[in-house]
Amino acid sequence: MHVGVVVNPIAGMGGRVGLKGTDGKLPEARERGAEPRAPPRARRMLTRLHAIAPETAVATVADPMGETIVREAGFDPDVVADPAEPFESPPAADVEYAEAETTAADTRRAVTAFREADVDLVLFVGGDGTAADVAEALEGSEIPMLGVPAGVKVYSSVFAVSPEDAAEVATSYERTERREVMDIDEDAYREGEVHPELRAVARVPVSADLQSSKQTGGGTVEALAEGFAADVDPDVTYVLGPGSTVGTIKAELGFDPSPIGVDVWRDGEVLVKDATEREILDALGDDNEIVVSPIGGQGFVFGRGNPQLSPAVIRECDVTVVASRAKLDDVRVLRVDTDDPELDEELRGWVKVRVGKFETRMMKIV
């Protein structure tokens, strides 16, 4: 197998610092102390790929878009492209990737080089914007693409569920199908408006370890919210995740929610609205509870759209999952992708999901 590997080094950096994305916000993300997300996720994928298929031939891009990470995983890559302004020397640590300056044109240039190198598959690490750039460069080609999710939103159905799953899919798929590449306007998203736009249709390996496209929530959750509000404990600090379902709970608690942000509430008081990871950690008390709802169509509880709920935050809290019956009917299982494989393993298993004023349903996190 011959694969092309390209990494968007700044993908997802705006997530934990509360920026809902990185488009147009990279300087502010850096000022807030954002750390790279894509390089370590690329490393996880490549480490697994080398473990199961060390004979894989890899084409990649000069740093900061893949070369050093590919070599660290044990491959001897063919470097077929350079970013417009490559690093003068390979980065020694992921933190140096925070200073990277790459563009959509760099991604398209890399994928064009992969086409010329006649790769069998393009493995990219990034979010929906990166997916759209890869799909554009592959237009008219039969070469499939597969994403390692590293963005904040990840609406498209061209991504594996986790970095390790991407390696598994890449080495085991037997056929491909056309999948949608979706993206949204991040400025509108930061204002609470979600308007997914179809950017492309791309050929993608077929596997159960691919995520579906996101779907908007449906059905009423008023009874659920009423029941939750009646059960709140004044001594517990509630970390309320994004989305319409938890937003209904926030409204029932008596405040105007940040629709796609994380709000922290305790005993009738909003401690932080639209909080960053650091602000959440600073607001926590002795007893803490995260309240989240899975993404419709995908089933992710952590790892899509809520990176502020980082492993450090999750480890300080109990977790309550809430969802409408309609949403759960649409997903077979729940999923997590926290950037911490050990925590992902701890979270896996059967959980009670609150679906009504008193009712719960058992669902499995896989």
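**Entry 1: D267**

I started with D267 and looked up how open it is: at 54% relative accessibility, D267 counts as exposed, because the cut-off for exposed is over 50%. I should jot down right away that this is a predicted model. D267 sits in the loop between β9 (263-266) and β10 (269-272). Its backbone caught my eye too: D267 has a positive phi of about 50 degrees although it is not a glycine. For my own memory, most residues other than glycine have a negative phi.

Which residues gather with D267 in a patch of negative charge on the surface? I found D233, D235, E269, D286, D287 and D318 in that patch along with D267. I checked one of them, D235, and placed it in the loop between α8 (222-230) and β8 (236-240). D235 counts as exposed as well, at 57% relative accessibility.

**Entry 2: more backbone oddities**

Next I went looking for other unusual backbone spots. D118 has a phi near 60 degrees, which is a positive value in a residue other than glycine. I traced D118 to the loop between α4 and β4, and with a relative accessible area of 58% it is exposed.

Then I checked a proline. The peptide bond from D63 to P64 is cis, and its omega is near 15 degrees. I noted this one down because most peptide bonds are trans. P64 belongs to the loop between β2 (57-61) and α3 (67-72).

**Entry 3: the whole chain**

I stepped back for the overall numbers. I got 13 helices and 16 strands for the protein chain. Of its 366 residues, 58% are buried. The chain exposes about 15100 Å², and carbon and sulfur atoms supply 44% of that area. I also looked at contacts with a separation of 6 or more: residues 24 or more positions apart account for 69% of them.

**Entry 4: helix α5**

Is helix α5 mostly covered or mostly open? Mostly covered: in α5 (residues 128-138), nine of the eleven residues are buried. I listed the buried ones as D128, T130, A131, A132, D133, V134, A135, A137 and L138. A reminder to myself: an α-helix has 3.6 residues a turn, so residues three or four places apart point the same way.

What covers the buried residues of α5? I found that the cover includes α4 (104-116), β4 (121-126), β5 (145-149), β6 (176-183) and β7 (197-205). After α5 comes G140, and its phi is positive, near 85 degrees.

**Entry 5: S162**

I looked up S162 and found it in the loop between β5 and α6 (163-172). S162 is buried, at a relative accessible area of 11%, because buried means under 20%. I also took its C-alpha to C-alpha distance to G147: the two are 9.3 Å apart in space and 15 residues apart in sequence.

**Entry 6: salt bridges**

Last topic of the day. Side chains of opposite charge can pair when their charged atoms come close. How many salt bridges does the count come to? I got 25, and I picked out a few to look at.

I began with E177 and R179, whose side chains meet in a salt bridge at 2.6 Å, N to O. E177 is partly exposed at 27% relative accessibility, whereas R179 is buried with 17%.

Then came D231 and R354, with their closest N and O atoms 3.0 Å apart in a salt bridge. D231 lies in the loop between α8 and β8 and R354 in strand β15 (residues 349-354), so this pair ties together parts that are 123 residues apart in sequence. I checked both ends: D231 is exposed at 52% relative accessibility, while R354 is buried with 15%.

My third pair was D329 and R361, whose side chains also meet in a salt bridge at 3.0 Å, N to O. The pair links distant parts of the chain, with D329 in helix α12 (residues 325-329) and R361 in strand β16 (residues 360-365), 32 residues apart. I have D329 down as exposed at 59% relative accessibility and R361 as partly exposed at 28%.

To finish, I looked up a group rather than a pair. R37, R41, R304, D337 and D339 are linked in a network of salt bridges.

Terms used: Residues numbered from 1 in each chain as written. Predicted model: local features only at pLDDT ≥ 70, side-chain atom pairs only at ≥ 80, totals over all residues. Heavy atoms only, no water. Helix = DSSP H or I, 4+ residues; strand = E, 2+ residues; numbered from the N terminus. Buried < 20%, exposed > 50% of the residue type's maximum accessible area, 1.4 Å probe, protein only. Contact = heavy atoms within 4.5 Å. Areas by Shrake-Rupley, 256 points an atom, 1.4 Å probe, with all protein chains shown as cover. Patch = residues over 30% accessible without salt bridge, like charges linked within 9 Å, V, L, I, M, F, W, Y side chains within 5 Å. Salt bridge = Lys/Arg side-chain N within 4 Å of Asp/Glu carboxyl O. Lys, Arg positive; Asp, Glu negative; His and termini not counted. Charge placed at Lys NZ, Arg CZ, Asp CG, Glu CD.
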